[in-house]
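Q: Could you take me on a close look at one helix and how it sits among its neighbours, and then show me what goes on elsewhere in the chain? I work at the bench, so please spell out the cut-offs as you go.

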Amino acid sequence: MCGIVGYIGHRQAYPVIINGLKRLEYRGYDSAGVCILNDNPQLFKCKGKVSDLEKHVGSNDVSGTVGMGHTRWATHGVPNDVNAHPHVSMKGLFTIIHNGIIENYSPLKTRLEKRSYKFKSETDTEVLANLIEYIYLKGNVTAEIAVRLALTKVVGAYGLVVICRDEPNMLIAARKGSPLVIGVGDDEYFVASDATPIVEFTNSVIYLNDNDVAIIKRGELTLKTIYNESLQPNIQTLDLDIEEIEKGGFEHFMLKEIFEQPRSIHDTFRGRISQDLNEIHLGGLYHVLPRLVEAKRIILIGCGTSWHAALVGEYLMEELARVPVEVEYASEFRYRNPIIYKDDVVIAISQSGETADTLAAIRLARAAGALVLGVCNVVGSSIPRETDAGVYTHAGPEIGVASTKAFTAQVTILTMISILLGWRKGHLSQEKYKELIKEITLVPDKIEKILGSNNEVIKIAEIFHKSTNFLYLGRGYFFPVALEGALKLKEISYIHAEGYPAAEMKHGPIALIDDKMPVVVIAAKDSSYEKVVSNVQEVKARKGVVIAIVTEGDTLIKNMADYVLEIPKAHEIVESLLAVIPLQLLAYHIALMRGCNVDQPRNLAKSVTVE
Ligand code: AGP
């Protein structure tokens, strides 16, 4: 999730673009670049924030009334000066900025290399720049046609702006899957990932739809599809302020990130599950897969929410890949002098990639000769740099301190690793392999459905936001989800909450239950459903108040519990991804009703870089 800005008009483009990029930095901030057209494209780009780009530009001549800029959230290629955008085609004819993922960039790149194209960066975007140039020169077509034809060959998501050196008074903007909006001013046009860079200049905007292409010349805008069908621009009037737009119209980043999960999970498996749903391909593990398949033991390490994702991972890997798995709190692992063998594989899970305890545990495991892998959300952060290989969660920047979309993205990756290992180790038949892959691809729509019951959650939050304690219970895959639900409530509402394996309750916590103790039971249909039914009866027998997460259509627990929230039917291995959503929403609404600072809760930091 990057931020892109373009401008053509009567103003100096550079200040419009730089200020616009600063507004979009919440979308990505690991490297930035700008291209201004005066006689020739003036391009400046570097690692770091937009303020670093300004220093990099310094007193260079950036005069010109056409230009574009980009602030990056890396997916392909670590954040550095070379991988920063804009990217220029080999012969310099096309300059491009891009937000999204070109899934088929590798086969396109191979074909271009066969036609002696050379590449400077590791990015999918540079491949598109060269593809456009190749078509432009080979087909002897206009820049617009070259861009449209190239986009018909692309699989994936994009919001992009292209400048052609031969047609300097023109911007070409296109969108599929990634957001893009055009601001219509007096004799000027603005292009951006959202309206935050635009609202200070105009509130007349055109939101591009999938496969739309805008050819923007001075004082003239033409809208078409990539298939050359003409379109009538639908100019809308914007009535949102900047803060509202940054949060996508949501009141808080946390709520926005909860509602982003259908997209973030889709982006996390995008390009890693083959179009025909027959295969999982995790490029980042390609070179180490044999060692992973042969591993005698897998140790999953993390902290906080990432540790909870690791716990779901343990259940998945042991069930699907039949490999022994241990889950370790990184802070304990690093000091308890653990036994680590050379044929162990250690997988470190972290949203930020900067958590000190997890980093130290990684160094310990590497020193012991284990293969150390990472599952991380921030490209180029320390953990990816200090591990042998890994997989990025493509959840996009997570601003809310309470982790939500990173958790489900981590579990999605661990599910894909477990299914792949199970198949490669011969524990899953080809048929089962395909069936489970399909289950993953159905998750985004099911979460969309759960998000539709947000009002049900609000009703329950209204009843319980004054509670002083909560218990969360779950069995199997739902035990880590119970822990995660309790953590979310604790960290943003400051209510004391504990998560427990439902059967553990009889061994102590049941003493806490009375008619003032809300007990959240994750009781969706799975192999331990019958057992959970009796746990709910035990709580009700002590006058506990049960809030049950059930599978839609469940009547048994529905008649026993005081309040229910439904989730769609799904295969057991993906149910944790569904069951956590109502718990995230419950914590959010309770914290809101208690007047807590949901995005920046007290005493907490988004990334714990100290011991
Ligand atoms: C979760 O909501 C918290 N922000 C915290 O527990 C977090 O999960 C933990 O600090 C680990 O962070 P990481 O994933 O960035 O390593």
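A: Let's start with helix α1, which spans residues 13-23 and whose buried residues are Ala13, Tyr14, Val16, Ile17, Ile18, Gly20 and Leu21. Here buried means under 20% relative accessible area, exposed means over 50%, and partly exposed is anything in between, with a 1.4 Å probe and protein chains only. Helices (H or I, at least four residues) and strands (E, at least two) are DSSP runs, numbered from the N terminus. Please keep in mind that this is a predicted model, in which local features need pLDDT of at least 70 and side-chain atom pairs count only at pLDDT 80 or more, while totals for chains, interfaces and linings use all residues. Residues are numbered from 1 along each chain as its sequence is written, and side-chain values use heavy atoms, with hydrogens and water left out.

What do those buried residues of α1 pack against? Their partners are the strands β1 (3-8), β2 (31-37), β4 (66-72) and β10 (188-192), together with helix α2 (50-57). Contact here means heavy atoms within 4.5 Å. As a reminder about helices, an α-helix has 3.6 residues a turn, so residues three or four places apart point the same way.

One of the strands in that list, β4, holds His70. His70 counts as buried because its relative accessibility is 0%. Leaving aside neighbours within four places in sequence, His70 is in contact with Leu21 and also with Cys2, Gly3, Ile4, Ser31, Ala32, Gly33, His85, Ile97 and His98. Leu21 is one of the buried residues of α1. His70 also has a distant partner along the chain: Ala192 is 122 residues away in sequence, yet the two C-alpha atoms are separated by 9.6 Å.

Beyond β4, in the loop between β4 and β5 (87-88), you will find Asn83. With a relative accessible area of 1%, Asn83 is buried. Its contacts, not counting neighbours within four places in sequence, are Arg72, Gly77, Val78, Ser121, Glu122 and Thr123.

Helix α1 also has a charged link to α2. Glu54 forms a salt bridge with Lys22, with the closest N and O atoms 2.8 Å apart. Because Glu54 lies in α2 and Lys22 in α1, the pair ties together parts that are 32 residues apart in sequence. A salt bridge here is a side-chain nitrogen of Lys or Arg within 4 Å of a carboxyl oxygen of Asp or Glu. Both ends are partly exposed: Glu54 has a relative accessible area of 29%, and Lys22 has 37%.

That pair belongs to a wider set, as the structure holds 29 salt bridges. Elsewhere, Arg270 and Asp267 meet through their side chains, 2.9 Å from N to O. Both are buried, Arg270 at 15% relative accessibility and Asp267 at 12%. Another pair is Arg334 with Asp357, again a salt bridge of 2.9 Å from N to O. Arg334 is in the loop between α11 (330-333) and β18 (344-350) while Asp357 is in helix α12 (residues 356-367), so this pair ties together parts 23 residues apart in sequence. Arg334 counts as buried at 18% relative accessibility, and so does Asp357 at 14%. Salt bridges that share partners also build a network, joining Glu103, Lys256, Glu260, Arg263, Asp267, Arg270 and Lys405.

Further along the chain, two more buried residues sit in helices. Leu316 lies in helix α10 (residues 304-321), and its relative accessible area of 0% makes it buried. Leu316 touches Ala321, Val411, Leu414, Thr415, Ser418, Tyr477 and Ile573, not counting residues up to four places away in sequence. Leu316 and Ile417 are 101 residues apart in sequence, with 9.1 Å from C-alpha to C-alpha.

Gln410 belongs to helix α14 (residues 405-424). At 1% relative accessibility, Gln410 counts as buried. Apart from neighbours within four places in sequence, Gln410 is in contact with Thr305, Ser306, Ala309, Ile349, Ser350, Gln351, Val375 and Thr393.
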